[in-house]
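This report is addressed to a reader meeting the structure for the first time. It begins with strand pairing and then moves outward to the whole chain and its partner.

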Amino acid sequence: MTQNKNNTIAYDPWHHLNQLTPARIGLGRTGMSLPTRANLDFQLAHALARDSVNIPLDFKKLQNKLDNLAYITLHLQSQADSQSTYLQRPDLGRLLNDYSLNELTAKENLNVDVVIVVADGLSSKAIENHAVPFLHLLVPTLKELDYQLAPICLVKHGRVAIGDAIASHYKAKLCITLIGERPGLSSPDSMGIYFTYQAQANISTDADRNCISNIHANGLSYKQSLTKLLFLIKGAEQHKLSGVNLKDETPNTSLENQYSNNFLLP
Amino acid sequence: MYKTTTQHLNYHFKTLANLMAKATPARSGDYLAGVAASNNLERVAAQYVLADVPLKQFLIEPLVPYETDEVTRLIIDDHDITAFAAISPTTVGDFRDWLLSEDATTEKLSALAPGLTPEMVAAVSKIMRIQDLILVSKKCRVITKFRNTLGLENRIATRLQPNHPTDNAAGVAASIIDGLLYGCGDAVIGINPATDNLEATASLLHLLNDVIERYKIPTQACILAHVTTTLKAIEQKIPVDLVFQSIAGTQKANESFGINLKLLDEAHEAALSLNRGTVGNNCMYFETGQGSALSANAHHGLDQQTCEARAYAVARKFKPLLVNTVVGFIGPEYLYDGKQIIRAGLEDHFCGKLLGLPMGCDICYTNHAEADQDDMDMLLSTFAMAGGNFIMGVPGADDVMLNYQSTSFHDALYLRQLLGLRPAPEFEQWLIEHQIFNKHNQLRSINTIPDIFKASVEQISA
């Protein structure tokens with residue numbers, strides 16, 4: 001922490017407690033207000049989160065990256081035709097537009113077990129940073145397990161449930177949707193994975209899905225996420241369901257520090 | 001019945017519910033529900049018609065059927081006809097005029113509260129500007145008590161919200177210290193648990209109970225778990241001060257939250273039986289927010305603000321210590337931008353206060369809403385001017401567990417400095433006694449940790 005020249009800032013003598021939590025504690029004050037540095041740090045985090053929502057995902061670039069890895073992709077779009085509509089009309093974000101439906105119908109759909117959907121959701125940064133490396137772990141693993149994959153469907157302005165229509169079309173057993181999560185100040189690029197067994201358009205609900213969330217540099221790693229997903233897939237195949245009745249029993253490894261007890265008590 | 005002609009156009013609103021929705025100020029959630037006015041003229045036409053509707057029409061024409069909705073039954077069955085008698089012949093428009101007049105004093109408004117229904121107050125709010133909402137709310141006073149006294153004139157309380165992404169005890173304690181040393185936490189020290197199960201809830205309940213007891217803090221604790229989880233905690237003799245629950249304005253929306261009136265009643269009775277309050281026994285903490293009914297597909301064609309006001313009928317039944325409208329949490333599909341969030345927060349406060357509820361506001365936004373800190377400052381300032389009972393205190397305004405932005409400890413100090421608003425008297429005494437605040441409602445300017453927390457903080461090496 002740098003001293004300001006006029007000595008107007010009162011530093012909090014307990015600010016070292018910030019090692020115990022990611023929360024913004026011990027920020028100090030000037031008068032009763034937030035010091036300049038802390039104020040700008042907040043604005044920076046907010047700017048990153050806002051840009052993550054509002055800067056569109058570069059689908060061409062994503063497609064090129066996946067092409068280079070020899071993955072077959074299909075570019076689709078929901079019925080939300082603008083970002084503002086997408087934000088205000090979640091219902092439209094769950095439906096494919098006519099062009100996309102025609103695209104899908106034009107494709108053969110024989111013997112597909114798994115549909116992978118990649119949707120921009122609420123964070124383009126999440127998909128830009130995490131989709132390709134995660135897919136590069138996931139796709140080979142699924143192939144080793146002898147699953148037949150549909151082309152990876154890249155969906156602009158998509159909500160989670162848009163995977164249902166795509167899975168229905170392919171009559172796929174497993175639907176795996178990678179989507180940008182609502183960005184937080186400390187996690188502007190968090191990706192989520194939603195898994196649905198036997199997803200059906202207009203029938204599946206959120207209660208039929210399992211969610212693996214918080215995939216980003218300070219959250220869940222790609223490997224941990226894959227372990228959780230494979231656990232869910234195995235369970236779903238066994239019990240023929242997904243959602244609230246399928247529990248993720250893999251351990252949650254979180255970063256804990258040397259102090260974990262409540263130091264306010266003896 | 002609900003007809004008007006304006007600018008050579010005829011408007012015919014089929015039902016009172018339809019009229020209410022068309023008269024409501026523009027809101028993304030009402031467009032999403034397909035109930036909003038299709039243009040500005042239709043909205044104003046509806047407002048003219050609504051202004052001429054007698055208040056008693058709301059008793060005759062329930063907006064959600066009495067037979068199928070227990071919230072409607074609660075509203076109708078508990079309506080105090082004697083209190084209502086004073087304004088019984090009044091129309092919505094005349095009611096607005098009366099509320100703004102000198103005749104509507106604090107005493108008269110308090111006496112009237114049981115005679116008002118959520119639909120009546122929602123209706124009048126739709127034809128009021130922001131300054132009207134502020135002025136009338138400011139005249140209402142709702143005082144509640146548990147271990148301190150909340151809602152007194154010229155005071156504002158804060159909920160200390162020390163959330164942590166994994167409920168880590170040391171992390172939670174660090175945020176509690178930060179909040180207390182900034183003078184926050186008189187409304188409640190309330191944690192949203194990262195996982196809603198009995199084990200996590202129990203350990204956090206013990207943590208807060210032990211801290212409050214050890215440091216003799218005149219405040220109350222709450223873990224914001226589902227009411228069924230808290231009930232189990234009570235059964236297992238785990239210390240519970242306040243029972244928390246999210247509530248909504250229709251039976252179906254409440255069912256989607258896994259609750260009904262009977263369950264809330266059971267929880268209320270259980271908390272009362274513990275008798276843990278020292279100066280009073282208001283022991284419920286409710287949270288609400290416009291849009292929750294639609295998001296559960298349970299809005300019955302009503303606009304979201306009317307649904308929200310109906311939730312206050314549920315709250316009122318259980319004499320809560322705190323009712324918190326979490327105004328910007330739900331996202332832009334319900335409240336699109338700062339303008340909509342600001343008005344919604346002030347409407348909720350106004351409606352709740354007129355109905356006799358201790359209203360606070362989680363002045364907040366998500367990162368996909370068109371809002372920023374400037375918008376929050378506008379709502380924060382106007383909410384305090386309107387006499388709001390409490391706001392949130394989140395470290396640096398950034399909730400690292402729920403991923404949204406609320407108000408900070410600094411924000412509370414801003415209000416104390418700007419408007420001279422003090423904490424609850426018992427809590428203020430504690431702050432002064434432990435040299436956190438001076439007698440002038442200010443943080444003391446010292447570079448040492450107050451004795452009460454010194455040893456604890458020094459256990460953690462810098």
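## Strand S5 and its neighbours

In this predicted model, A:Ala119 has A:Val155 of S5(A) as its bridge partner. That pair belongs to the contact between strand S4 (residues 114-119) of chain A and S5(A), which pair in the parallel sense over 3 bridges. Between S4(A) and S5(A) the chain passes through helix H6 (residues 124-144) of chain A, and this β-α-β crossover is right-handed.

S5(A) also pairs with strand S3 (residues 73-77) of chain A, again in parallel, through 5 bridges. Here A:Leu74 is matched with A:Cys153 of S5(A). Strand S5 itself, residues 152-156 of chain A, is mostly covered, with 4 of its 5 residues buried.

## The six-stranded sheet

Strands of a sheet pair through backbone hydrogen bonds, either parallel or antiparallel. In chain A, an open sheet of 6 strands follows the order S3-S5-S4-S6-S7-S8, and its pairing is mixed. S3 and strand S8 (209-215) of chain A form the edges, each pairing on one side only. On average, neighbouring strands of this sheet are turned by 20° against each other, direction ignored.

Within that order, S4(A) pairs with strand S6 (residues 174-180) of chain A in the parallel sense, over 6 bridges. One of the links between them joins A:Val118 to its bridge partner A:Leu178 in S6(A).

## Helices lying across the sheet

Which strands does helix H7 of chain A lie across? Helix H7 (residues 162-170) lies across S3, S4, S5, S6, strand S7 (191-197) and S8 of chain A, and runs at about 150° to S4(A).

Helix H8 (residues 222-239) of chain A lies across S6, S7 and S8 of chain A. The direction of H8 is at about 10° to S7(A).

## Chain A as a whole

Chain A contains 8 helices and 8 strands. Its C-alpha trace spans about 70 × 45 × 35 Å along the principal axes. Of the 266 residues in chain A, 50% are buried.

Contacts within chain A can also be sorted by separation along the sequence. Among contacts with a separation of 6 or more, 67% are between residues 24 or more positions apart.

## The interface between chains A and B

The size of an interface is often given as the accessible area lost when the parts come together. For chain A and chain B, this buried area is about 4,800 Å², and 60% of it lies on carbon and sulfur atoms. In chain A, the residues that lose the most area to chain B are A:Met32, A:Arg182 and A:Leu264, which together contribute 17% of what that side buries.

Counted by residues, the interface brings 50 residues of chain A into contact with 60 residues of chain B.

## A two-sided helix in chain B

Helix H22 (residues 451-458) of chain B has four named positions that are buried: B:Ile452, B:Phe453, B:Ser456 and B:Val457. Viewed down the axis of H22(B), these buried residues fall within an arc of 95°, so they line one face of the helix.

What do the buried residues of H22(B) pack against? Their partners are helix H11 (169-181), helix H12 (198-214) and helix H21 (425-433) of chain B. On the other side of H22(B), the exposed residues are B:Asp451, B:Ala455 and B:Glu458.

Key
Residues numbered from 1 in each chain as written. Chains lettered and ligands numbered in written order. Predicted model: local features only at pLDDT ≥ 70, side-chain atom pairs only at ≥ 80, totals over all residues. Heavy atoms only, no water. Buried < 20%, exposed > 50% of the residue type's maximum accessible area, 1.4 Å probe, protein only. Pairing = 2+ DSSP bridges. Right-handed = clockwise from strand over helix to strand, strands pointing away. Arc of directions from axis to C-beta. Contact = heavy atoms within 4.5 Å. Axes fitted to C-alpha atoms, helices over the stretch in contact; angles between N-to-C directions. Buried area = accessible area lost by both parts, 1.4 Å probe.
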